[in-house]
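Please work through the exercises below with the sequence and the structure in view, and try each task before reading its solution.

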Amino acid sequence: MDKYEPMKGHYLPSIYRFPKLFRRLSNQKQEATKHFISLRESKAYRLKQNAVLIQGLKMLRELRDDGFSMRSITATAEKEPPTESCIKHPAIDVLNHPEAFPAKNYYVCDVDLTRRILGTASRPNRHEIFGEVELKNTPIPAQPERLLVFDHVNDPGNLGTLVRTACALGWPAGLITTGTCDMYNDKTVRASRGMTLRWPHKLVPMNELIEFLKSLNMTPLVADMLDKNTANADVWAPNAPNAEKIGLETGICFWNFKGKPKEVPARPALILSSEHKGVQGMDDELRVSIPMADGVESLNVAAAGSMIMHELNRLRQMKQ
């Protein structure tokens with residue numbers, strides 16, 4: 001209801017009063033605002049703080065239910081909304097029920113500041129929510145049956161998509177080599193739908209990778225373009241072991257055996273790299289390729305990796 005001021009003889013417009021628990025962020029110079037921007041922009045700062053910004057009600061709810069701690073929750077709303085009805089879902093849900101997202105600090109800011117904090121690529125709406133989530137230690141299993149290895153996968157969208165696919169296909173963990181983009185980059189987190197926070201992974205320098213994989217009794221398996229100069233006798237397609245020629249109908253093929261038995265690896269460590277760079281070195285390691293139609297030069301690493309993971313699952317199941 002509007003407030004009447006008798007001395008002036010008119011009503012003043014009413015203004016919604018935000019809960020006292022929520023502190024207003026109004027500019028980029030405030031410490032909390034600078035902290036949030038640094039979390040998004042700086043890998044070193046994220047690791048030092050052991051935290052990451054997460055956008056959206058659904059992802060925050062899932063992480064909360066998985067036992068992640070929230071350091072802060074921020075709701076987006078205009079500075080002086082006339083009534084509560086001007087603030088929409090999900091911001092109003094958090095404002096009315098902050099206990100649903102236990103956190104140390106609660107903030108509210110307008111959409112312009114939310115865009116600056118989360119970045120324009122995040123495309124936040126006028127009633128967005130985001131939170132600062134504490135990272136958990138997620139060690140890889142002692143004896144994983146499969147591993148996904150990222151070598152110079154420097155596109156965060158591809159990395160996030162591959163992590164999300166690996167989780168969906170039951171690949172239990174991954175290794176990150178130097179040169180691969182950050183698992184907690186905001187674009188990676190969005191593409192993975194928050195899976196990069198849950199999925200066990202470990203950083204291993206490239207020059208230690210093969211030794212590390214062999215210490216786990218795993219077979220390094222490099223995803224690569226099939227070398228046209230490779231003799232047919234050295235190429236093996238499990239779906240068509242007697243095929244005279246590798247093609248679309250044979251499915252994925254293995255090559256570069258160098259005396260190793262022609263069989264599907266029991267404990268594969270699938271090594272993926274950017275399609276522009278390709279895996280450097282590892283000339284003695286087993287290769288896997290996807291036959292493609294004429295005129296197609298290469299596949300996006302996320303597409304290729306997803307296809308190979310699915311096919312390896314199937315082939316390993318048939319072998320058991």
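Two rings of Phe, Tyr or Trp count as an aromatic pair if their centres lie within 6.5 Å, and planes over 60 degrees apart make the pair edge-to-face. The model used in these exercises is a predicted one.

**Exercise 1.** Find which residues form one aromatic cluster with F36, and describe the pair of F36 and F130.

*Solution.* Begin with the cluster, which is formed by F36, Y107 and F130. The structure holds 6 aromatic pairs. One of them is made by Y16 and F18, whose ring centres are 5.0 Å apart with the planes at 80 degrees, so this pair is edge-to-face. The pair of F36 and F130 is also edge-to-face, with 5.8 Å from centre to centre and 90 degrees between the planes. This pair links distant parts of the chain, since F36 lies in helix α1 and F130 in strand β7, 94 residues apart. As a last step, consider accessibility: both F36 and F130 are buried.

**Exercise 2.** Work out how strand β7 is paired, and to what extent its residues are buried or exposed.

*Solution.* Take the pairing with strand β4 (residues 51–55) as a starting point: 5 bridges join β4 to β7, and the two run antiparallel. Within this pairing, I54 stands opposite G131. Next, strand β5 (residues 70–76) also pairs with β7 in the antiparallel sense, over 5 bridges, and here A75 has I129 as its bridge partner. Finally, 5 of the 6 residues of β7 (residues 129–134) are buried, so the strand is largely enclosed by the rest of the structure.

**Exercise 3.** Explain why C167 forms no disulfide, and decide whether C167 is buried or partly exposed.

*Solution.* A disulfide requires two cysteine sulfur atoms within 2.5 Å. The closest cysteine sulfur to that of C167 belongs to C181 and is 16 Å away, which is too far for a bond. In the structure as a whole there are 0 disulfides. As for accessibility, C167 has a relative value of 27% and therefore counts as partly exposed, whereas C253, at 0%, counts as buried.

**Exercise 4.** Identify which residues H35 touches beyond those up to four places away in sequence.

*Solution.* First locate H35, which has its place in helix α1 (residues 31–41). With a relative accessibility of 17%, H35 counts as buried. Once residues up to four places away in sequence are set aside, H35 touches Y45, Q49 and E132.

Notes. Residues are numbered from 1 along each chain as its sequence is written. This is a predicted model: local features need pLDDT of at least 70, side-chain atom pairs count only at pLDDT 80 or more; totals for chains, interfaces and linings use all residues. Side-chain values use heavy atoms; hydrogens and water are left out. Buried means under 20% relative accessible area, exposed over 50%, partly exposed in between (1.4 Å probe, protein chains only). Helices (H or I, at least four residues) and strands (E, at least two) are DSSP runs, numbered from the N terminus. Two strands pair if DSSP finds at least two bridges between them. Contact means heavy atoms within 4.5 Å. Rings of Phe, Tyr and Trp (its six-membered ring) pair if their centres lie within 6.5 Å; planes under 30 degrees apart count as stacked, over 60 as edge-to-face and the rest as tilted.
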